[in-house]
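Me: Please show me the model, and then let us work through its strands, helix packing and charged pairs in turn.

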Amino acid sequence: MYKQKIAITINSDFDKEKLYDEFIMLMSSLCRTGQIMGGVESPYVAGNELICYQTTLERNSLDTECNNKWVNLRIKNLEEGCNSKLKIEVLGEHVPFYKDVCTCDQHDSYLLFTTYLNESSPVDCGTCGGSVPIYKIKGLTDKEQTDIESWEGDYVSCDNLNMGCNVGEKWAIKQMSDPRSQLSQVGRDICKRITELTGVPTYYYLFNYQAISIAKDKLRKCPSCNGDWLLNEKWLAFYDFKCDRCKLASTLTSRS
């Protein structure tokens, strides 16, 4: 991951408040496409310059070929209003970083996965386990990119309630672990859509935090089809369960 500076100089008499709003909307659009990670960091003004420091998965995440039509429109509006060009500078590698970016030419599968700590894309490669930038998933529309961002935000909100251990913990765990919950249904619909668009099977991760023994947990069946899904070897060195029929994956409970 990389820390990048995004800036533009205001060389016009255009309404500065509108330019500030356009700059923030550009950051929001870049967040939806997965070109910037970790949400929109607060921009600031220095003299006549609008500046924002953002985190990206790749050095070239902000290249024009990664843009969608909304990002291009925001840049066009901002540059015309400021009468100058947007400047992007790679400042260095982001620390810490725990997951490599996928470089596979082909993917056996994808996996929709995130946590409250995740700083990478919510889509992982089922071949190497690396993070797959949203802007590299072929065929995704602007709406589908937004749907992924919205699901990720909802999942992180649930995981934060879970980690807080006070308000809403049981409800949040059910949302993350039940394949029929509202959160899971939205996520599984996204997985189906990615599969349809790319032809790459896309799995959905189910959280597992039950007060049972590991031995009993290993006897669990797929919660969607009741079929066998315990693996002989961990998938991607992490997942203990995988149902190819329902496109679900999970791990053994950490609460044994």
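Reply: Before the strands are discussed, a residue is called buried under 20% relative accessible area, exposed over 50% and partly exposed in between (1.4 Å probe, protein chains only). Helices (H or I, at least four residues) and strands (E, at least two) are DSSP runs, numbered from the N terminus. The model is predicted, so that local features need pLDDT of at least 70 and side-chain atom pairs count only at pLDDT 80 or more, while totals for chains, interfaces and linings use all residues. Residues are numbered from 1 along each chain as its sequence is written, and side-chain values use heavy atoms, with hydrogens and water left out.

Me: How many of the eight residues of strand 1 are buried?

Reply: Strand 1 covers residues 2-9 and is largely enclosed by the rest of the structure. That description holds because the buried residues of strand 1 number six of the eight.

Me: Which residue in strand 4 stands opposite Ile-6?

Reply: Two strands pair if DSSP finds at least two bridges between them. Strand 1 runs antiparallel to strand 3 (residues 49-56), joined by eight bridges, and there the bridge partner of Ile-6 is Cys-52. Strand 1 also pairs in the antiparallel sense with strand 4 (residues 87-93) over six bridges, where the residue opposite Ile-6 is Ile-88.

Me: At what angle do helix 3 and helix 5 pack?

Reply: Axes are lines fitted to C-alpha atoms, for helices over the stretch in contact, and angles run from 0 to 180 degrees between N-to-C directions. For helix 3 (residues 142-164) and helix 5 (residues 182-198), the axes lie 10 Å apart and the angle is about 150 degrees.

Me: Which residue in helix 2 does the salt bridge of Glu-22 reach?

Reply: A salt bridge is a side-chain nitrogen of Lys or Arg within 4 Å of a carboxyl oxygen of Asp or Glu, and a search of the whole structure finds 16 of them. One joins the side chain of Glu-22 to that of Arg-74 at 3.3 Å, N to O. The pair links distant parts of the chain, 52 residues apart, from Glu-22 in helix 1 (residues 16-32) to helix 2 (residues 69-82), where the partner is Arg-74.

Me: Is Lys-85, the salt-bridge partner of Glu-79, buried or exposed?

Reply: The side chains of Glu-79 and Lys-85 meet at 3.6 Å, N to O. Glu-79 has 17% relative accessibility and therefore counts as buried. Lys-85 has 62% relative accessibility and therefore counts as exposed.
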